[in-house]
Amino acid sequence: MRRARALCAAALLGSLLAGPAPGAAVAPRRPAARPAPRAAARALADSAVLLRTVRDLAAPEMEGRGVGTAGLERAAAYVERRMRALGLRPAGDDGTWSQSFEVTTGAEVSSPTAIALDGRRLDPGPDFQPLGFSTNGTLTAPVVFAGYGITAPGYDYDDYAGLDVRDRIVLVLTNEPGEMDSASRFDGAVNTPHAELRTKAINAREHGAAGLLVVNGPRFHRGEPVRRPRADGQGYMSSGLLAGWLSDSLGEALVARAGTTLLAAQQAIDSLQRPRGFALPDSVTLTVTLTRTRARIRNVVGLLPGRDSTRVLVVGAHYDHLGYGGEHSLRPDERVVHPGADDNASGTAALLGVASLLAERARGVPAEGGCGPPAHDVVFAAFTGEEMGIVGSSHFVDDPPRPIGRVEAMLNMDMVGRLKDDKLMVMGAGTAEEFPALLENANRDAHFELKTSGDGYGPSDHSSFYKRQVPVLMLFTGAHADYHRPTDTWDRIDEPGLWRVTRFAAALVESLDARPRPRFVRAKADSSMGRVAGGGGYGAYLGTIPDFSQTEGGVKFSGVREGSPAEKAGLGEGDVLVKLDDVKIDNLYDYTYALRARKPGQTVRLTILRKGAPVEVTATLGRRP
Ligand SMILES: [Zn+2]
Ligand SMILES: [Zn+2]
């Protein structure tokens with residue numbers, strides 16, 4: 001039996017990889033009089049079908065597959081239909097194709113929301129909008145101009161130095177000092193994370209302010225529109241204070257009473273590279289009412305049943321994308337469909353392509369060149385909510401269709417449609433002892449120039465499996481200028497490349513299917529590829545792996561990095577961080593903020609909830625590996 005299986009797998013590998021090159025003339029394999037189911041199914045998996053799948057998923061009516069859009073559900077229904085047509089079995093909740101769950105999708109502005117200053121009261125409109133991460137409530141307080149609202153010890157810069165903002169409303173400029181100035185102590189051409197509005201809100205809160213008002217920095221951003229919070233945005237975790245955005249004219253009106261202009265104030269800061277805040281004579285009343293919008297979203301999950309249901313392989317790809325943009329877009333001011341053809345209609349097409357190749361093989365009887373069912377149950381998972389923090393795959397591993405301990409390996413595909421110079425990135429190559437040899441074997445016929453990285457953590461869904469000790473592989477054809485932009489369109493997909501990656505992925509799954517269970521290895525962190533939010537982004541490093549499904553009440557850890565400061569401090573899975581020194585940690589943004597404000601080598605106090613009880617530990621922050 002074993003021998004026969006091995007031969008069958010080898011034959012399949014050969015046939016998949018030796019398949020006709022896209023566009024090449026294909027001689028009919030059998031007389032036309034006898035329709036061949038194998039040939040028909042193969043046609044389904046050919047490169048044209050893959051490209052059409054990308055085109056369908058990236059079509060305008062899919063609305064960029066954003067959480068909170070109807071297009072996301074349209075895409076889910078499309079994937080479900082395709083899985084059904086391939087003869088997979090439903091592997092979701094209660095015999096359905098879906099694993100569904102609820103998420104916060106954004107915020108809608110409700111009543112009462114207004115700002116009152118200078119005897120005027122303004123409703124939300126072109127002059128004023130609440131910020132999506134504002135808390136709800138009303139507040140009347142004096143206003144203090146606090147420059148850019150930045151505290152950045154790493155740059156030796158603090159807008160709050162010498163300013164008393166306790167219980168005040170702070171007025172701050174967007175962006176950061178010395179923008180467009182390569183000699184600036186900040187990065188000059190590119191904004192640092194200190195320029196993010198949410199960072200400024202948390203920083204204001206940590207300095208005791210009760211409210212935050214933002215106005216465009218007039219030197220480079222005068223006239224930019226005041227953005228309204230979005231219902232199809234990305235979660236909007238609360239920042240813990242009231243926050244709003246003012247138009248240029250409203251901001252000017254506020255500082256005019258202090259005898260200056262925004263431009264003069266900004267120029268003073270930028271030219272001297274020194275903070276310059278001051279109290280304003282007026283009080284402002286800020287009232288905000290936001291209703292968080294929620295939606296039910298779903299993973300679409302199909303199964304190719306194997307001979308042994310105690311053995312499971314998972315093949316996955318996320319089908320969601322950024323919808324109309326939002327905070328993860330690199331064009332956050334444009335409310336346009338982000339088609340996400342490469343990210344990740346390409347991976348979804350490849351997922352369906354692999355399912356098609358394997359299903360076809362499983363149907364055939366050995367005498368006709370088929371293999372019968374695979375040894376493992378092969379689960380095909382199209383994940384939702386990846387872009388908002390791998391929430392779909394987190395849900396999958398929390399509530400899997402088969403016990404997670406039976407999953408012997410997981411193969412993820414995210415952005416596989418832009419093959420260039422034969423370079424294929426493979427992450428997770430160090431997560432099982434057998435993987436390097438397995439990859440080398442599979443590549444013998446595929447002829448990719450493989451760029452492997454050992455790390456099993458990375459910015460996509462395989463992380464969810466790796467943190468449950470499942471060996472993972474993730475295929476990726478590389479970053480490009482259209483990443484997270486409206487220009488990630490289907491016509492820029494490399495069709496032959498996508499087809500090659502799909503066949504390679506199928507060969508990997510076949511090869512895994514023919515082997516004994518791979519031996520899991522905790523791989524070394526890798527700085528060159530696949531960083532996951534370990535806090536920070538630069539500078540200080542603690543080495544925790546956050547559980548992205550928890551969005552308030554602290555940051556829950558689903559694990560810690562081997563040899564990291566967090567591990568040395570005894571932190572582990574299930575711990576919930578609620579305080580770092582004196583910074584209250586409600587969500588990931590607070591945590592990132594707290595780490596960003598600290599330096600490697602610094603010792604910090606962490607308050608952890610462990611099984612519900614508070615525990616204090618100290619940790620010495622390291623440098624990001
Ligand atoms: Zn992606
Ligand atoms: Zn993405």
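How many aromatic pairs does the structure hold? There are 8, and two of them get their own view below. This is a predicted model, in which local features need pLDDT of at least 70 and side-chain atom pairs count only at pLDDT 80 or more, while totals for chains, interfaces and linings use all residues. Residues are numbered from 1 along each chain as its sequence is written, chains are lettered from A and ligands numbered from 1 in the order in which they are written, and side-chain values use heavy atoms, with hydrogens and water left out.

**View 1. Phe383 and Phe396 make an edge-to-face pair.** Rings of Phe, Tyr and Trp (its six-membered ring) pair if their centres lie within 6.5 Å; planes under 30 degrees apart count as stacked, over 60 as edge-to-face and the rest as tilted. Here the centres of Phe383 and Phe396 are 5.8 Å apart and the planes sit at 90 degrees, so the pair is edge-to-face. Phe383 belongs to strand E15 (residues 376-383) and Phe396 to helix H10 (residues 391-398), so to speak 13 residues apart along the chain. Helices (H or I, at least four residues) and strands (E, at least two) are DSSP runs, numbered from the N terminus. Phe383 is buried at 0% relative accessibility, and Phe396 is buried at 2%. Buried means under 20% relative accessible area, exposed over 50%, and partly exposed in between (1.4 Å probe, protein chains only). Add Phe465 to Phe383 and Phe396, and you have one aromatic cluster.

**View 2. Phe448 and Phe504 pair up edge-to-face too.** Their rings are 5.3 Å centre to centre, with 70 degrees between the planes. Phe448 is in the loop between helix H11 (435-446) and strand E18 (449-453), while Phe504 is in helix H13 (residues 495-513), 56 residues apart. Both Phe448 and Phe504 are buried.

**View 3. The zinc ion (ligand 1) is held by His318, Asp343 and Asp414.** The donor atoms are His318 (NE2), Asp343 (OD) and two OD entries from Asp414, at 2.1 to 2.5 Å. Donors are N, O and S atoms within 2.8 Å of the metal (3.2 Å for Na, K and Ca); water is not among the atoms, so sites may look incomplete. What makes the arrangement of the 4 donor atoms irregular? They subtend angles of 54 to 148 degrees around the zinc ion (ligand 1). Four donors count as tetrahedral if all angles lie between 85 and 135 degrees; four count as square planar and six as octahedral if opposite donors are over 155 degrees apart and all others between 65 and 115; anything else is irregular. Along the sequence, the donor residues follow the spacing H-x24-D-x70-D. His318 lies in strand E14 (residues 308-318) and Asp343 in helix H9, so this pair ties together parts 25 residues apart in sequence. His318 is buried, at 0% relative accessible area, and so is Asp343, at 2%.

**View 4. A second zinc ion (ligand 2) shares Asp343 with the zinc ion (ligand 1).** The two ions are 3.5 Å apart. The protein donors of the zinc ion (ligand 2) are Asp343 (OD), two OE entries from Glu387, and His484 (NE2), lying 2.0 to 2.4 Å from it. Its 4 donor atoms subtend angles of 58 to 146 degrees, so this arrangement is irregular as well. The spacing of the donor residues reads D-x43-E-x96-H. Glu387 sits in the loop between E15 and H10, and His484 in the loop between strand E19 (472-476) and H13, 97 residues apart. Glu387 is buried at 10% relative accessibility, and His484 is buried at 6%.

**View 5. The largest nonpolar core has 68 residues.** A nonpolar core is a set of buried Ala, Val, Leu, Ile, Met, Phe, Trp, Tyr and Cys residues joined through side-chain atoms within 4.5 Å. Among the residues with the most contacts inside it are Met83, Leu475 and Phe504. Helix H9 (residues 341-363) supplies the largest share of this core, 12 residues. A second, separate core of 35 residues includes Ala107, Leu254, Phe278 and Leu290.

**View 6. Strand E11 (residues 242-246) is mostly covered.** Leu242, Gly244 and Leu246 on one side, and Ala243 and Trp245 on the other, are all buried. E11 runs parallel to strand E10 (residues 211-215), joined by 5 bridges, and pairs in the antiparallel sense with strand E5 (residues 128-130) over 3 bridges. Two strands pair if DSSP finds at least two bridges between them.
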